[in-house]
Amino acid sequence: MVEMAALKEQLTYAYQFPLYRKLWDAAQFCPNDIQDWNDWTHIPLLTRNDILTTIRDNPPYGGFWFDGPKRLHITPFPGLGTIPVLASMEDVQRSIARETEVFRRAGFTRDDVVQVTFGYAPFYTGMHFHLVAEAVGAVVVPAGPGNAEQQAHWIAELGVTALITNPSFALKIGPLLPNNHRVRLIYAGGEPLSAVEGFRERLRSAFGGPGVTIIDSYGISEVGMMATECQAERGLHVYSNAIVTEILDPETGKSVPQGQPGELVVTQVKQEGFPLVRFRTSDLTRLVSDNCACGETVTLPKGILGRIDEVRKVKGVKLYPSQIAVVLAEFPEVSPRNYRVRLWAEGGTDHMELTIQSSTSHINEERLKERMRSELLIAPNRVCVETLLADGMQIIDERGKGAF
Ligand SMILES: [Zn+2]
């Protein structure tokens, strides 16, 4: 766990930057107000919008420039702008040292040949994993994204033993490999894995079955990696020495009981470049206290369950529409990306229609409803199938404002 003294130091440090000066002054909050954990919730929550605003007001780095050598990561948000994330070289070294330990617990060794299929630009993901795998002592194949055939060729030719990849991309590579391939470890990131029932086992069997370890991980571009599984594969351990995590009700901003789903809010400690304090990630997750054999104690048991954007209250239940994608991903014949949710009121109660995209009309509708009821606590009244839908998720709420 993070020491309160280190956090207070971080708050005082953050207060010198225009983002926090403006946000905290407006809320009449001062870092000296924090004496212990009971005061923690007095710190105003920080949104992505606050960051974009400070970058607009203090171009080009949002006032986060600092003395000394730095590294820049670019985070483009289509339609919103770009967030240039600066890190000090100490930040970079600390993060690599932390992840090196995490990689060892995940099973990476100096004998591994590691292929990285994440991009090396403009996101820093590929480069970061490359440096961490080298720090473990492994040889790295800097494959970059795309072209499953080429990836499979390198894996076979170069004796690759571990992959760092998107799990859905790995599913395409697996069947292209010869039976005698040597992949024994897959470090997955960038999309929900643990949250999708059956996904892990599908991935494992695509690479030959029980001997393959599948590691799930979670990070965001503003912060970097924040949680990863160990070899036990029993949930993503939060980097609790470097990050304070809270799970809040996205509507009230209040803490939810342990184990309940809510928005992940994070605070970085000992971060010089672009320090984030109580940053709302917009990611939906659950957090539990744990006592894993590896020594870690804070775990996201299923990783990320969806996004909190577009949250709707339906029949008294909070519906996070992006969570539907996680359930749809369990059905190989359905596109998990494209779907439409229509909500309307009838006879004094809410109704929901879910339209999904599939080339076949033979969808097990009862099973889909059952899985939604189990994961989202709510099932659609009606499921429709279309062969082609607009790209992405659409929500049509016909209930009028009174329904919220
Ligand atoms: Zn563990």
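Strand 18 and strand 21 run parallel, and five bridges join them. One of the residues involved is V341, whose bridge partner in strand 21 is I395. Keep in mind as you look around that this is a predicted model.

These two strands belong to an open sheet of four strands, arranged in the order 20-19-18-21 with mixed pairing. Which strands stand at the edges? They are strand 20 and strand 21 (393–397). Each has a single partner strand, so one side of each is left without a neighbour in the sheet. From one strand to the next, the twist averages 15 degrees.

A helix joins the picture here. Helix 10, covering residues 365–376, lies across strand 19 and strand 20. Relative to strand 19, helix 10 runs at about 125 degrees.

**Salt bridges**

How many salt bridges does the structure hold? There are 29 of them. The table shows three examples.

| Salt bridge | Closest N to O distance |
|---|---|
| E201 and R204 | 2.9 Å |
| E386 and R340 | 3.2 Å |
| R382 and E353 | 2.7 Å |

Two of these pairs bring us back to the sheet. The side chains of E386 and R340 meet in a salt bridge. This pair links distant parts of the chain, with E386 in strand 20 (residues 382–386), R340 in strand 18 (residues 334–346), and their positions 46 residues apart. E386 has 31% relative accessibility, so E386 counts as partly exposed.

R382 forms a salt bridge with E353. Here R382 lies in strand 20 and E353 in strand 19 (residues 349–358), so the pair ties together parts that are 29 residues apart in sequence. Is each partner buried or exposed? R382 is partly exposed, with a relative accessible area of 39%. E353 is buried, because its relative accessible area of 10% falls under the 20% cut-off.

Some salt bridges also share partners, and in this way E197, E330, R367, E370, R371 and E375 are joined into one network.

The E201 and R204 pair sits within a helix. Both residues lie in helix 8 (residues 199–206), three residues apart, which is about one turn of the helix. Their surroundings can be described with the accessibility values: E201, at 44%, counts as partly exposed, while R204, at 9%, counts as buried.

**The zinc site**

Now let us turn to the metal. Which residues are the protein donors of the zinc ion? They are C230, H237, C292 and C294. The cysteines each use their SG atom and the histidine uses NE2, with the donors lying 2.1 to 2.4 Å from the zinc ion.

Why is the arrangement called tetrahedral? The four donor atoms subtend angles of 100 to 113 degrees around the zinc ion, which makes the arrangement tetrahedral. For comparison, the ideal angle for four tetrahedral donors is 109.5 degrees.

Along the sequence, the donor residues follow the spacing C-x6-H-x54-C-x1-C. The long stretch in that pattern falls between H237 and C292, a pair that links distant parts of the chain, 55 residues apart. H237 is in strand 9 (residues 236–238), whereas C292 is in the loop between strand 13 (288–289) and strand 14 (298–300). Both H237 and C292 are buried.

Methods. Residues are numbered from 1 along each chain as its sequence is written. This is a predicted model: local features need pLDDT of at least 70, side-chain atom pairs count only at pLDDT 80 or more; totals for chains, interfaces and linings use all residues. Side-chain values use heavy atoms; hydrogens and water are left out. A salt bridge is a side-chain nitrogen of Lys or Arg within 4 Å of a carboxyl oxygen of Asp or Glu. Buried means under 20% relative accessible area, exposed over 50%, partly exposed in between (1.4 Å probe, protein chains only). Two strands pair if DSSP finds at least two bridges between them. Axes are lines fitted to C-alpha atoms, for helices over the stretch in contact, and angles run from 0 to 180 degrees between N-to-C directions. Contact means heavy atoms within 4.5 Å. Donors are N, O and S atoms within 2.8 Å of the metal (3.2 Å for Na, K and Ca); water is not among the atoms, so sites may look incomplete. Four donors count as tetrahedral if all angles lie between 85 and 135 degrees; four count as square planar and six as octahedral if opposite donors are over 155 degrees apart and all others between 65 and 115; anything else is irregular.
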